[in-house]
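Work through the exercises below with the sequence and the structure open beside you. Each task is followed by a solution in steps.

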Amino acid sequence: MVNRGDVKQKDKQMSNLVYKYMRPEHLPHIWCPGCGNGIIMRDVAQAIENLGLSRNNTIIVSGIGCSSRAAGYLDFNTIHTTHGRAIAFATGIKLANPSLEVIVIAGDGDISAIGGNHLIHAARRNIGITVVVMNNNIYGMTGGQYSPTTPKGAFGTTAPYGNLDRPFDIAGLAYGAGASFAARGSAYHVQQTINIIQEGIHHSGFSLIDVASVCPTYYGRKNKSGSAVDMLKWQRDNMIPAEKAAKMEPSELKGKLVLGILHQVQYKEFTYAYDQLIKRLYEEREANE
Amino acid sequence: MTTSKKLIINSAWCKGCGICVAFCPKGALELKDEKVQRKEDTECVLCGMCELRCPDYAIYIEEKDDEEARNQWVMSY
Ligand SMILES: Cc1ncc(C[n+]2csc(CCOP(=O)(O)OP(=O)(O)O)c2C)c(N)n1
Ligand code: SF4
Ligand code: SF4
Ligand code: SF4
Ligand SMILES: [Mg+2]
């Protein structure tokens, strides 16, 4: 962690939030103009501030991708791991010390393509980590290849005639695999997304928050979605709060994205269950001696 | 504690994406040479919408007790 005493007040051209939770010497970040990742990274910092988490007790884990660079900008105990494996590292960290708050920040490719198996099994296991997906529907870092969340018919460098596959709904995938908390936010809906991330971190089991990001550079250009502003306006006009969506017909929700907590249940968190098992075995052994 | 608020623009970090300009409820911002600036003859109501959506943390509301908050943090660190 940086000694913030080194950054003089007169050089401090940033908000208290950014100053407190990010690494000023690495800013401005390298994300493109209008990239949604910067908005979402700030949401994560604000959620942590609102929850009053200790910086020393909070671990940020990321894989590889534009989105995964967040682990370099956020000033916590951070680990930038290998492509797709952030959840595997996070699982190890959480098991070694269950009192830590472990937050994974990942891209849609990172979490649902190469890392898809880690995702479904961590969800099934209900390990108490929080996964925030910066979902831009494309592989940004490597130049715009389609990802598992690229909509059918949309374009990518590897789908020059339109993508043939149907996209994953990552929140739905996590829910189907057994996650006890699955939600969706967006780069546009800042306040709601901060609240959702807060709820997700607070939730004791596995939480996944699929946050719709915007990648004007690759997804936007390939799909003629316009500027970052146009892409954010799309989110504003096409995302429906979960409470409202619950009263709508599936046909009315076609082409829309549902915003909010989509699913939340309580069942035993993995590290707690593991701890209980160890205690029980010790007790049984003692009783038999 | 009384705080007075002020809008700060850090041009060095602004990448000219226009997000703050598009979503400012008062139309109080504009781009000039790919950098954001306050638009003349408009009112800024210090609502902070620009700060929430700026992907580059280049525009924000500063409260006067800034220094105090910072020192508190340095001490507790
Ligand atoms: C094992 C491995 N395979 C492939 C790559 C190349 N690679 C780097 S990032 C990436 C995909 C990034 O997409 P996503 O996770 O959606 O992140 P984004 O850049 O869009 O934020 C790929 C395939 C790699 N680094 N390591
Ligand atoms: S390529 Fe896309 S996701 Fe990557 S930094 Fe640029 S806008 Fe963001
Ligand atoms: S604080 Fe509100 S009114 Fe002022 S520039 Fe920002 S968005 Fe506009
Ligand atoms: S949102 Fe930020 S980076 Fe974009 S134009 Fe406004 S101040 Fe500049
Ligand atoms: Mg992506």
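**Exercise 1: the shells around ligands 2 and 3**

Task: sort the residues of the shell around ligand 2 by class.

Solution. The shell around ligand 2 divides into seven nonpolar residues, three polar residues and no charged ones. Here Ala, Val, Leu, Ile, Met, Phe, Trp, Tyr, Cys and Pro count as nonpolar, Asp, Glu, Lys and Arg as charged, and the others, Gly among them, as polar. The residues around ligand 2 include Cys32(A), Cys35(A), Cys66(A) and Cys215(A); a residue is near a molecule if one of its heavy atoms lies within 4 Å of it. Asn136(A), Gly140(A) and Thr217(A) also belong to this shell.

Next, ligand 3. Its shell has 10 nonpolar residues, one polar and no charged. Among its residues are Cys24(B), Cys44(B), Cys47(B), Cys50(B) and Gly48(B).

Before going on, note that this is a predicted model, in which local features need pLDDT of at least 70, side-chain atom pairs count only at pLDDT 80 or more, and totals for chains, interfaces and linings use all residues. Residues are numbered from 1 along each chain as its sequence is written, chains are lettered from A and ligands numbered from 1 in the order in which they are written, and side-chain values use heavy atoms, with hydrogens and water left out.

**Exercise 2: ligand 1**

Task: which residues come nearest to ligand 1?

Solution. Of the 16 residues around ligand 1, the nearest are Cys66(A), Ser67(A), Gly109(A), Asp110(A) and Gly140(A). Now look at the backbone. A polar backbone atom of Gly109(A) is 2.9 Å from an oxygen atom of ligand 1. For Asp110(A), the distance from a polar backbone atom to an oxygen atom of the ligand is 2.6 Å. A backbone N or O atom of Gly140(A) lies 2.8 Å from a ligand 1 oxygen atom.

**Exercise 3: where chain A meets chain B**

Task: describe the contact between chain A and chain B by its residues and its buried area.

Solution. Start with the residues: 36 come from chain A and 25 from chain B, contact meaning heavy atoms within 4.5 Å. The two chains bury about 2,800 Å² between them, 61% of it on carbon and sulfur atoms. Buried area is the accessible area (1.4 Å probe) that two parts lose on being put together, summed over both.

Then take the charged pairs. The interface holds one salt bridge, that is, a side-chain nitrogen of Lys or Arg within 4 Å of a carboxyl oxygen of Asp or Glu. Glu51(B) and Arg42(A) form a salt bridge at 3.4 Å, N to O. On the side of chain A that touches chain B, H10(A) gives the most, with five residues; helices (H or I, at least four residues) are DSSP runs, numbered from the N terminus.

**Exercise 4: a salt bridge within chain A**

Task: which parts of chain A does the pair Glu49(A) and Lys20(A) tie together?

Solution. The closest N and O atoms of this salt bridge, between Glu49(A) and Lys20(A), are 3.1 Å apart. Glu49(A) lies in helix H2 of chain A and Lys20(A) in helix H1 of chain A, so the pair ties together parts that are 29 residues apart in sequence.

**Exercise 5: backbone exceptions**

Task: what joins Leu27(A) and Pro28(A)?

Solution. Begin with the general rule: most residues other than glycine have a negative phi, and most peptide bonds are trans. Leu27(A) and Pro28(A) are joined by a cis peptide bond, with omega about 0 degrees. Pro28(A) sits in the loop between H1 and H2 of chain A. Asn126(A), which is not a glycine, has a positive phi of about 55 degrees.

Note on methods: Helix = DSSP H or I, 4+ residues; strand = E, 2+ residues; numbered from the N terminus. Polar contact = N/O pair within 3.5 Å; in protein donor to acceptor, adjacent residues only side chain to side chain.
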